[in-house]
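User: Please take one strand of this model and look at it closely, with its neighbours and the way its side chains face. I am new to this, so explain each term as you use it.

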Amino acid sequence: MIKRTGGQILVDQLKLHGTSHVFCVPGESYLAVLDALHDAAIKTIVCRQEGGAAYMAEAAGKMTGRPGIVMVTRGPGATNASCGVHVAAQDSTPLIMFVGQVARGMKEREAFQEIDCKAVFGSMAKWVVEIDRAERIPEIVSRAFHVATQGRPGPVVIALPEDMLADRVEVADAPPCAPVVMKPGAADMEALRRRLLAAERPIVLAGGSGWSEQGVKDLVRFAEAFDLPVAVTFRRQMLFPADHPNFAGDLGIGPNPKLLQRVKDADLVLLVGGRLSEMPSQSYTLLDIPGDGLKLVHVHPGAEELNKVYRAGLGILATPHAFTAAAAELPKPNAVNWAGAPKAAHADYLAWSDTSKVRTAGSLQMAEVMEHLKQVMPADTVYCNGAGNYATWVHRFWPFRAFASQLAPTSGTMGYGVPASVAAKSLKPGREVIAFAGDGCFMMNGQEFATLMQYGLPVIVVVVDNGMYGTIRMHQEREYPNRISATELKNPDFAALARAYGGHGETVRTTAEFGPALARARTSGTPAIIHCLLDPEAITPARSLSDIRNASLKK
């Protein structure tokens with residue numbers, strides 16, 4: 001062993017635990033770490049705001065299943081980044097945030113930008129800790145990687161006093177992270193098989209995190225062997241290929257009514273990996289709470305989640321990929337009681353996602369935009385988005401077919417799409433990446449377009465501009481018709497903004513303009529913004545703002 005600074009020890013731990021990227025906004029509170037990163041084989045992505053950096057790390061955790069790493073300074077840096085910690089918590093994403101902290105001798109004096117990380121992040125993170133001795137860095141970082149990935153994945157926050165990072169000590173490195181994989185028992189799988197064969201209207205719901213590409217393939221094998229319809233939960237559409245004949249659709253916001261009815265009518269719901277929280281459960285209406293457990297089989301890696309909200313007649317403690325590996329090996333039944341159910345469910349999905357049946361107000365038709373994307377973009381294109389009604393077009397009409405092709409927060413946070421695209425293109429440079437953002441959503445983290453430029457990441461950002469906070473305006477017209485308050489926006493020329501950054505900018509006012517604009521953006525070789533001017537009436541694929549307002553006025 002040789003003496004190393006705390007900063008060097010920390011970076012050495014990140015390397016041995018498999019970290020390839022660090023997302024950060026620099027701060028004087030962790031200069032020793034930045035110095036160690038100078039010579040490390042870790043890509044350091046410098047961001048323009050800590051919230052964007054945290055979203056990038058969270059997106060990296062989603063794509064890889066390994067903890068995304070974000071580094072920020074104390075006080076305003078940490079609080080700016082808190083939004084990403086909250087997303088990681090609600091989305092069950094492994095993430096580790098390192099926060100530079102005041103020197104140990106200044107604690108409890110309200111020193112410059114001092115923050116009590118345990119008090120601030122205690123309700124969001126799985127674990128919050130401060131390292132007070134450099135000798136403990138290997139131990140605590142190792143534990144952080146395991147806590148972030150084991151059980152229900154989530155965020156860990158580690159505070160780093162700046163003087164501790166400058167200490168030089170001798171200490172051994174920890175072994176590389178090796179998370180414990182929860183596997184289903186043989187009795188669990190036999191109980192599931194018996195329940196399936198006794199059912200008449202089963203359905204599988206895939207959700208949550210902790211999946212792998214092989215886990216999705218095994219889920220497909222299982223669904224084919226038992227001829228099961230499979231739906232995915234809110235913003236988890238990459239967990240089952242949309243073009244597979246067993247795919248039944250997604251339980252998102254405003255889902256296919258026929259899919260909702262199929263779930264309500266089911267006599268066995270196999271929920272794999274997810275929690276069936278507010279959005280996919282349609283405000284907790286799909287299953288009774290707590291229920292009698294007769295119809296629910298719940299598979300989850302966190303024991304605390306089983307029977308937390310819904311009573312499960314059969315609870316299986318297992319990670320999704322371990323469960324699907326076991327499920328794929330179950331003996332194929334000779335016959336099932338629900339013959340034809342997947343075919344009917346898939347037909348319902350195809351009808352629901354048929355763009356030719358959708359017509360909205362204005363000269364720009366988003367359904368046709370999505371149809372064009374379906375025709376020209378590769379199947380493994382990564383789609384990123386934040387929150388807003390604009391995301392409905394992507395979720396309903398893009399057929400997700402590849403694992404790690406969707407980065408979208410189930411927590412419903414705005415400003416996520418552009419930062420997520422930075423992570424996606426950094427981690428998967430060979431794949432095309434499109435970030436969708438509403439006009440309000442883009443302005444919350446649009447500054448990270450500069451990060452795309454700085455690192456030469458040719459992402460296409462589609463800004464859907466209707467001059468308002470559309471989702472809130474929709475709810476406003478439903479609850480308080482004709483009383484517009486605090487939802488109107490006056491926006492810049494987003495195409496000109498792209499050019500000001502040094503990127504490629506396009507303005508699209510009609511459907512016919514989108515295809516050529518996309519082609520030019522793709523061949524530009526630089527980050528691009530396609531500014532799509534959408535009629536405010538085109539608030540959803542099914543109903544206009546006037547439809548919503550008039551329906552409310554008639555009540």
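**A close look at one strand**

Analyst: The bridge partner of Cys 24 in strand S3 is Val 46. This is a predicted model, in which local features need pLDDT of at least 70 and side-chain atom pairs count only at pLDDT 80 or more, while totals for chains, interfaces and linings use all residues. Residues are numbered from 1 along each chain as its sequence is written, and side-chain values use heavy atoms, leaving out hydrogens and water.

Strand S2 covers residues 21–24 (strands are DSSP runs of E with at least two residues, helices runs of H or I with at least four, and both are numbered from the N terminus). S2 runs parallel to S3, residues 43–46, and 4 bridges join them (two strands pair if DSSP finds at least two bridges between them). Between S2 and S3 the chain passes through helix H2, residues 31–37, and this β-α-β crossover is right-handed (with the strands pointing away from the viewer, the path from the first strand over the helix to the second runs clockwise).

S2 is also joined by 2 bridges to strand S4, residues 68–72, and these two strands run parallel as well. Here Phe 23 of S2 has Val 70 in S4 as its bridge partner.

In a regular strand the side chains alternate between the two faces of the sheet. In S2, His 21 and Phe 23 point one way, whereas Val 22 and Cys 24 point the other way, and all of them are buried (under 20% relative accessible area, with a 1.4 Å probe and protein chains only).

Methods:
Buried means under 20% relative accessible area, exposed over 50%, partly exposed in between (1.4 Å probe, protein chains only).
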